[in-house]
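Okay, thanks for coming, everyone. I'll put the structure up and then walk you through what I looked at.

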There are 2 protein chains.
Amino acid sequence: MSLFSSADHIIEIVDNLPNSSIAMMESARERQSQLTKPPGSLGKLEDIAVWLAGWQGVAKPQINNGQCLVFAGNHGVVAQGVSPFPAEVTAQMVMNFEAGGAAINQLCREAGLSLTVTPLQLDVPTGDISEGMAMTPDEVIAAMNAGADALNDSCDYLVVGEMGIGNTTTAAALSMGRFGGDAGRWVGPGTGLDDEGVAYKAKIVDRAFARHGRLNDNPVSLMAHYGGRELAAIAGAVLAARMRSIPVMLDGFISSAAASALTAGDRLSALDHCEISHMSSEPGHLRLAVSLRKQPIIDLGMRLGEGSGAATATLLVRAALATHNGMATFAEAGVSNA
Amino acid sequence: MSLFSSADHIIEIVDNLPNSSIAMMESARERQSQLTKPPGSLGKLEDIAVWLAGWQGVAKPQINNGQCLVFAGNHGVVAQGVSPFPAEVTAQMVMNFEAGGAAINQLCREAGLSLTVTPLQLDVPTGDISEGMAMTPDEVIAAMNAGADALNDSCDYLVVGEMGIGNTTTAAALSMGRFGGDAGRWVGPGTGLDDEGVAYKAKIVDRAFARHGRLNDNPVSLMAHYGGRELAAIAGAVLAARMRSIPVMLDGFISSAAASALTAGDRLSALDHCEISHMSSEPGHLRLAVSLRKQPIIDLGMRLGEGSGAATATLLVRAALATHNGMATFAEAGVSNA
């Protein structure tokens, strides 16, 4: 049976989500204060351990079944010439994922994450959003269910990523549809447009926005107007994870834009279980992070997608858990406290 | 036989250091441009792979024998009340390192680094720098040789760290002695001073500077005036690594201050083989990074020392090498290039 049945059902789910365990966050903070180090001296590593403790509902959180979900989709708007790469690269990169040759394969191995790649009807691009709808609401719900279905039963930590030639255009348009503002501030070079290409891409996003406008009521409506399939699948996976209190590490601009659809109706708390892993060098990501009130953990000038930034940041989550769970307390080590 | 024999010998070494292989950096950049991703899209991960390629002198660098050296020392200036922790904590933490209970133990395991802890005459604190010399030049050279001796024959990547109650005071004074400026801009809370404590610590550093002044001629002289033993050992290890073209990941404020002594005489290139792993929340570190013209890789608000930030950043070095060495090229994967 599918997890999501209709646009109204999704709103009902978002309005009744489980929250983080405050008691377990307090237990984890208390433990941090006893470990053999000056209080607070591990900085964000301490915050990350406390975040996981709250969502996993234990004082000593662990990642035993960390999963990276990568969704791939194609975009009708590519016909407008918004990407330097041809659309067939989406399917070629899916083959590269399956053969183990992409960045995300290496990074998942380093970070101890299982990788699940889900191509979504690559031979059926979504509609060109500069000329009409991306998808029907039923198609959106099907893609969201595909996202939810990709989540393993044993998953205790989720990384999401994507592949889709043209999807920085889709993400920029979706972000503008969700939060408003100027296209010029949501659009960037993507896989490598020059200044002229970026200006042209902004025109296409402006054209899409002129057609569809602000849509701050329902995730399904937002996705149906702006797309794309892999973004809807990410939204479905992120929401399904929240229903099971699984902490989520978002990747960069496109993953964050996809997840932001769940905050339609100003429901920012829908993403309380998510951290943004890294600040993408795609310029719209800073604006999106501010809109979602989240501070990315690292800033390495990455802009690859595939979940690559989130898998990289997962290495720091591993460091956070290793210190949180493995360090001796002052009492255990016989070290004098301040 | 000891590596370093005199202050003049050290200057002679610094003036005749090996450099990075430009040819191998170019080979590594060329490889990055062929991998299945938009050019430049792995950001700093690409730069890190190229940095290692240059120093290891191979197009596909690896860390097979990464080593973390932690040096511990005690500081006479602690008698002035500059730390909330008592001096005996230095020895207690060395025992904690040996028992495997400290942050650096967990982080070295995560990062695949061997850990070597070297306590330096903990029962003989250096002189109180607010009242006189820290060490004799011979003591400095002995500590630098201890640092060099700690480096394994097989080491191919080095992380340096330290433990020493009072050593943020030493590092602030040393930085002021090397680069000048106001004590108030080099001093911070260290392990947890309040504002009043920080202001008092700045007075002590001012008193030390009034006695010893700017010393921009020789690393040994700088260390003899300002200390401490573990800082001199770090400088010795960093210099010994450079003589063998081993890339070095510096930790935070104290490690960076220690390494900065090697740049005496405006020899900034002495640290060309070093990266600063993280931006410490100890405020003097930002100033030091700017003075050394290096941009820390991560900024997680850490301020623990022990090499903890450098070991954490090593996880990102692992990610950089995994992608650099493991990804398929466009040709290998049959993916269309832009």
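**How the two chains meet**

So, let's start with the contact between the chains: putting chain A and chain B together buries about 3900 Å², and 68% of that is on carbon and sulfur atoms. Keep in mind as we go that this is a predicted model.

Which elements of chain A give two or more residues to the side that touches chain B? You've got helix 3 (44-56), helix 4 (88-99), helix 5 (103-111), helix 14 (308-326) and helix 15 (330-333). Helix 14 of chain A gives the most to that side, with eight residues. If you sort the residues on this side of chain A by type, you get 27 nonpolar, 16 polar and eight charged.

In residue counts, chain A puts 51 residues into the contact and chain B puts in 51 residues. And how many salt bridges are there between chain A and chain B? Zero. What you do get across that interface is 14 residue pairs in polar contact, with both residues at pLDDT 80 or more.

Okay, symmetry. A turn of 180 degrees, with a shift of 0.0 Å along the axis, lays chain A on chain B with an RMSD of 0.0 Å. That's the relation of a two-fold axis. And the copies meet through the same surface, because 100% of the interface residues of chain A are also interface residues in chain B.

**Confidence**

What does the predictor say about the complex? It gives an ipTM of 0.97 and a pTM of 0.98. For chain A, the average pLDDT is 97, and 100% of the residues score at least 70.

**Salt bridges**

Now, I said zero salt bridges between chain A and chain B, but a search of the whole structure, over all chains, turns up 10. Here's one I'd like you to look at: A:Arg29 pairs with A:Asp47 in a salt bridge, and their closest N and O atoms are 3.0 Å apart. A:Arg29 sits in helix 2 (residues 22-34) of chain A and A:Asp47 in helix 3 of chain A, so this pair ties together parts that are 18 residues apart in sequence. Helix 3, remember, is one of the elements on the side of chain A that touches chain B.

**Backbone oddities**

A few backbone things before I stop. Which peptide bond in chain A is cis? Going from A:Gly227 to A:Gly228, omega is near -10 degrees. A:Gly228 is in the loop between helix 10 (219-226) and helix 11 (229-243) of chain A.

Over in chain B, there's a cis peptide bond joining B:Gly227 and B:Gly228, with omega about -10 degrees. B:Gly228 is in the loop between helix 10 (219-226) and helix 11 (229-243) of chain B.

Last one: A:Arg293. This residue isn't a glycine, and yet its phi is positive, about 55 degrees. You'll find A:Arg293 in the loop between helix 13 (284-291) and helix 14 of chain A. And helix 14, again, is what gives the most to the side of chain A that touches chain B.

Notes. Residues numbered from 1 in each chain as written. Chains lettered and ligands numbered in written order. Predicted model: local features only at pLDDT ≥ 70, side-chain atom pairs only at ≥ 80, totals over all residues. Heavy atoms only, no water. Contact = heavy atoms within 4.5 Å. Buried area = accessible area lost by both parts, 1.4 Å probe. Salt bridge = Lys/Arg side-chain N within 4 Å of Asp/Glu carboxyl O. Polar contact = N/O pair within 3.5 Å; in protein donor to acceptor, adjacent residues only side chain to side chain. Helix = DSSP H or I, 4+ residues; strand = E, 2+ residues; numbered from the N terminus. Nonpolar A, V, L, I, M, F, W, Y, C, P; charged D, E, K, R; others polar. Least-squares fit on C-alpha atoms with pLDDT ≥ 70 in both. pLDDT = per-residue confidence, 0-100.
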